[in-house]
Amino acid sequence: MQLNVTNSPFNEEQSQQLNQLLPTLNSHQRIWLTGYLSAQGSVVAEGAAPASPQAVNVQAGTVPSTPAAPKEVTILFGSQTGNGTHLAKKLSKRLEEQQVKTEMLSMADFKPANLKKLSHLLIIVSTHGEGDPPDNALAFHEFLYSKRAPKLENLSFSVLALGDTSYEFFCQTGKDFDTRLAELGASRLAERVDCDVDFDESAGEWMQSVTQALSAAPAADSATTNAASPVSTDSESEYSRSNPFAAEVLENLNLNGRGSVRETRHLELSLEGSGLTYEPGDSLGVYPENHPRLVDEIIEAMEWNAEEVVNTGKNGTASLREALHRYYEITILTKPLVEQIAKLTGNEALATLTAPESADALRAYIHEHDLLDLIVDYQLKGVSAAEFTSVLRKIPARLYSIASSSKATPDEVHLTVRTVRYACGGRDRYGVCSVQMAERLEPGDTLPVFIQHNPNFKLPENPDTPIIMIGPGTGVAPFRSFLAEREESGAEGKTWMFYGDQHFATDFLYQTEWQRWIKDGVLTKMDVAFSRDTEEKVYVQHRMLEKSQELYEWINNGAAIYVCGDEKHMAHDVHTTLETIIAQGGGLSPEQASEYLLQLQQEKRYQRDVY
Ligand code: NDP
């Protein structure tokens, strides 16, 4: 209805202005305006002078948010390791506390046909590998980019993207969702936030912006109504990612035999007194310490004083040596880090390397070098330690798939960690955490840890469901946990494991345990592929193909499939092999087999923990 002087209290000029403005507003803007005007009304009704916009800001605590709040906000998460799921739960709780009704679900459980019905959508999604969506976001991501995606002019949305700046396609999936929803006509409720591995603060800020936008409260309200607080990921115990537990090392063994080129540590840690609990499929987060030799080499190359006191942020002040040893990442180079160092140092050669036209050269340099190389190659000395450390990333936790069952070994958590050592550019390089575990961690020492729950890698609820486990190398870890759990709970479902490594004699991790489980009937079948015992390489997927028909029967009879280990090659090849097995067994075309596997993924009958 057009406004005019007879059907409204406005004069002609005001009516014209309003008639021009109102049709241009989207639903979120209309809702916001309604709340804003009603808030002004409440201030006036309290007897004050007519409120200015600033006055409404100041009075924020008294502004009723309910009239402005949308009916329902949908929170969709796409998560591989569980971070996205935890953040979605946190956000839902936070919004409900602000009287905003929420519906929270995994992207895999969301029916895309319902997208058109939504008015407010919040997306939390991580990115994996070469910019890929997590498994439970695959189908929704594909739908949005398909021709079937509807126009979404009435939708307001915002995206929280989780990622790691050390990967080239940082937060790509979040960026995809953000771009595509806007292309489909939806409007942004709040700008997308891209989070690095240390996501607590930025995720907290994003939550604050969306909470604010949804309660239609002007920006200055936040300090009084809902201050941004970092989000933590574990609420059951006082210990979490931001407050790790000092777990005592009970055992630290090398699982590989003499003569192996590989070293795999089996670590047993005590969780006694922590209140931390976990289930098979969960991971343990570990905060490592940098190698003291590398710390000294960096200090020497920069000509710093190791005893100089620096401010490390939330950990307070520390000597430079201590700060570099415990609090900062001093190995991996990332694009943002090199750019910041270029700016900080004003180094011309580094400015050239970080210029847009040198993108390929920068990518290659980052791939093959570490921080010490950068310092030496570009002669970076001359910058103060305080300035330099201010651009370093906080040392991120490493996540390891848990290899134990708390039913079988209460108050303990076990890990299976391969030691990473290699030489490059005439210098020995070390995996930060794995080499600390191999060289500088003894029974009695402690490690700062937390539990990273992973709802996307869980045993079937029904203990009778058969399971197929594919886990070469350290990918075997969660299956040790699965079988220990099934043994303790007396589950009757059949179990089949595919395992592989380089040599039978030296690299058969936990060999005697599998043999005992086979003898006791906990493990029904086991197929192994030792890649370097024969002239031709044999991998787990070759063994799977040899048992193609039987595997198909297991899958067809409802077995759940689990894959853990190397993401780049193994998980990809195993996925293709599963498609082949399903196509052959079910007489399906390659497209139908691929669809079938995607369906299994959606039903959580095909789960992956890959890295
Ligand atoms: P690997 O995955 O390296 O090796 C296990 C077995 O898998 C070997 O027999 C190997 O054979 C074989 N293999 C190699 N390529 C394939 C393929 N395409 N399909 C199937 N099998 C294959 O075991 P790890 O446990 O050492 O490594 C697992 C993953 O973890 C890797 O991605 C590795 O990069 C990563 N990793 C990360 C660490 C970290 O600190 N971040 C530490 C250790 C590992 P062959 O070697 O003969 O080719």
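1. How far from a nitrogen atom of the ligand does a polar side-chain atom of Gln541 lie? The distance is 3.0 Å. The protein covers 74% of the 880 Å² of accessible area that the ligand has on its own (Shrake-Rupley method, 1.4 Å probe).

2. Some ground rules. This is a predicted model, where local features need pLDDT of at least 70 and side-chain atom pairs count only at pLDDT 80 or more, while totals for chains, interfaces and linings use all residues. Residues are numbered from 1 along each chain as its sequence is written, and side-chain values use heavy atoms, without hydrogens and water.

3. The ligand has 19 residues around it (a heavy atom within 4 Å). Among the closest are Thr474 and Tyr539. An N or O atom in the Thr474 side chain is 2.6 Å from a ligand oxygen atom. For Tyr539, the corresponding distance to a ligand oxygen atom is 2.7 Å.

4. Which element gives the largest share of the shell around the ligand? Helix α22 does, with 3 residues. Both β18 and α22 (567-586) supply at least two (helices are DSSP runs, H or I, of at least four residues; strands are E runs of at least two; both are numbered from the N terminus).

5. Now the sheet. It is open, has 5 strands and runs β19-β18-β17-β20-β21, with parallel pairing (strands pair if DSSP finds at least two bridges between them). β19 (525-530) and β21 (606-610) stand at the edges with a single partner strand each, so one side of each lacks a neighbour in the sheet. β18 (residues 495-501) pairs with β19 over 6 bridges. Met497 stands opposite Met526 in β19.

Terms used
A polar contact is a pair of N or O atoms within 3.5 Å; within protein, one must be able to donate a hydrogen and the other to accept it, and residues adjacent in sequence count only if both atoms are side-chain atoms.
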